[in-house]
Amino acid sequence: MSDLFRFKTIGTILQERGLISKADLKEGLESQKTSGLPLGKILVTMGIITEGQLLKALGIQAKLEIIELEQFSVPAEVLDKIPGSIARLYNILPLSLEPGTLTIATADPFNFSIIDDLRFMFNCNIKAKIATRVSIAEAIKKYYGSDLESVDEIFSEISHNIPELIEEASRADNIEELSAQLPIVKLINLILIQAIKKKASDIHFEPFQDEFKIRYRLDGVLYDIVSPPKILHVAISSRIKVMANLNIAETRLPQDGRTLVRIAGRMVDMRVSTLPTIFGESVVIRILDKTTVQLSLDDLGFKEDIKNKIYSLIKKPYGIILSTGPTGCGKTTTQYSALSQINTIEQKIITVEDPVEFDLPGLIQVSVRPKINFTFPVALRHILRQDPDIIMVGEIRDTETVQMAIHASLTGHLVFSTLHTNDAPSAVTRLIDMGVEPFLIASAVEAVLAQRLVRCICLNCKQEYVPTKKEFMESVIDLSELDNQKFYKGSGCGQCNNSGYRGRVGIFELMVLDEDLRSLVLDRATVGQLRNQAIKNGMRTLREDALLKVVQGITTLEELINISSNY
């Protein structure tokens, strides 16, 4: 970062070269406040400098070589490896491709997202040189032809060239023809590449009365991306359904499917869900990218004391260890991490899930299929005949499943499973509500781990700040315990989509059932009584764990307030 701050501003460089006056600079900066455009582009538009003069100034600023594309010849083997759609989308021209390095010409050397995208897509280092936009556009036309291949151009091409197919898409063969159109395929591929690069967990395709929205879920929050014309929603949803092997003619009923996509040399699993709405089908793609999931207990955000207790628990020969929390809070990731820790040649581990989220080497993984009556209880009944040591049940949904899980634990198996409750003590009363006798809970359950995910402050734009009185009041913090405490938040930058957050970390509440808690369970104690006893035994609540991460500068008071208001 310090190197960036040593760069001269483009205005200073232009002034030093005698190309603009102080009055020109002032006028350009005033225009920049309202337009938000780069200063150099504004000065070119105003006619104060030429694009060639701006190019030389950018070269000085970025310390990059300026290249005259008219005098350069791009090798055919480079053109074969870099598609024209990518060149047009990013307005770059590939110049050479050596082992581990792609050299490109760009007119926007400070657009680091272009470099990141290309590095991600081609899995190599990117070296940039500077050329004018006009020369790049002409070179692209010269080497790749004049096909329309940028995102906006793809939208335009589809909307204007094949509206008759969209209008006739009521028959299955026409829908299939439309969804296979090359521009639609390119558009979906670009959307998927962007989502995976940004580490999005979901992509939402949402039709409304007058618009068609596409949104990425990043760190638990939805963000809009460029929206295609409403007329394309049938073609886009049909293309996704084709990829997931769904029935494209069925638009009246919800459907679920999956597809594997190869991106940057690796396979990414995508789960597709469709839902009929009054304005068309809503489609959601859940992205399951193994490379973005940390399957290690050391990387999930556990404090040392909780982590040591969990290491002790997962080495027990029998009993049930429950993870609780709402959908999307990382329960399955935590359980996979625990299984990875104890996955040895001496242990046979079988999981039963709906569906299997990640395939782990060394584990026998089973996916339930309710449509053919292969449910959790049926699967568990047969799993017990497979001589397992450890069993993971994806989710306890009904009385029969929980009874089978308890039976497995009481017959000498270590069982992992999940429940939907707000905190750890509530898991006990939830099991009782499902018809489990208290003595069975007291005998079988070893511990309950409740968890949530909070967003981490972006390290690139992290800064100290003084919270408002309202923030302190909403977070219900005792200021006397936090004397001279520093607080941090992200100011927003290109690396975090101007949100101030990047990545997420878990907060946890671990309730280990000791003799005191087991006695309360046998007496059908209330959630409050169980919580008070667990706290006496040293349990740190979700809110307290979140506060520790605020104090450490990992997350913000805003995230603490969100957690406090949700349970």
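T334 is a buried residue, with a relative accessible area of 7%, where buried means under 20% relative accessible area, exposed means over 50%, and partly exposed covers what lies in between, as judged with a 1.4 Å probe and the protein chains only. The place of T334 is in helix α16, and here helices (H or I, at least four residues) and strands (E, at least two) are DSSP runs that are numbered from the N terminus. If we leave out residues up to four places away in sequence, T334 touches L297, L300, F302, L449, Q451 and F508, and a contact, in this talk, means heavy atoms within 4.5 Å.

Before going on, I should say that this is a predicted model, in which local features need pLDDT of at least 70 and side-chain atom pairs count only at pLDDT 80 or more, while totals for chains, interfaces and linings use all residues. Residues are numbered from 1 along each chain as its sequence is written, and side-chain values use heavy atoms, with hydrogens and water left out.

Let me stay with T334 for a moment, since T334 is also among the residues that line the largest cavity. A cavity, on a 1 Å grid over the protein atoms alone, is a set of points where a 1.4 Å probe fits but cannot get out, and its lining residues have an atom within 4 Å of a point. Grid points are joined across faces, edges and corners, and a volume is the space filled by probe spheres set on the points. How many cavities of 30 Å³ or more does the structure hold? There are two of them, and about 100 Å³ of space lies in the largest.

Besides T334, the lining of that largest cavity includes I310, L313, I314, Q335, A338 and F416. Three elements, α15 (304–313), β10 (319–324) and α16 (331–342), each supply at least two residues of this lining, and the largest share, three residues, comes from α16. Sorted by class, the lining has eight nonpolar, three polar and no charged residues, where Ala, Val, Leu, Ile, Met, Phe, Trp, Tyr, Cys and Pro count as nonpolar, Asp, Glu, Lys and Arg as charged, and the others, Gly among them, as polar.

The second largest cavity has a volume of about 30 Å³, and the residues that line it are I320, L322, I396, V402, I406, L431 and V445. Strand β10 appears again here, because β10 and α18 (399–410) each supply at least two residues of this second lining. Its residues divide into seven nonpolar, no polar and no charged.

Now to another part of the chain, and to A107, whose place is in the loop between β2 (101–106) and α8 (112–122). Is A107 buried or exposed? A107 is buried, with a relative accessible area of 11%. Leaving aside its neighbours within four places in sequence, A107 is in contact with L58, A131, T132, R133 and I136. For the last of these, I136, which is 29 residues from A107 along the chain, the two C-alpha atoms are separated by 7.8 Å.

Helix α14, residues 233–243, is mostly covered, since nine of its eleven residues are buried, and among them are H233, R239 and K241. After α14 comes N245, whose phi is positive, near 60°.

Two further residues other than glycine also have a positive phi, and I take them in turn. K199 has phi near 60° and lies in the loop between α13 (182–197) and β4 (202–207), where K199 is exposed, with a relative accessible area of 59%. N373 has phi near 65°, sits in the loop between β12 (364–367) and α17 (376–383), and counts as exposed at 54% relative accessibility.

There are also charges placed over rings, which is said when NZ of Lys or CZ of Arg is within 6 Å of the ring centre and within 35 degrees of the ring normal. The charged end of K462 sits over the ring of Y488, 4.9 Å from its centre, and K489 lies over the face of Y465, at 4.7 Å from the ring centre.

Finally, the protein as a whole has 25 helices and 18 strands, and buried residues make up 48% of its 567 residues. Among contacts between residues at least 6 apart in sequence, 64% join residues at least 24 apart.

Definitions and conventions: 1 Å grid on protein atoms, 1.4 Å probe; cavity = no way out; pocket = protein on both sides within 12 Å on 5 of 7 lines; lining within 4 Å.
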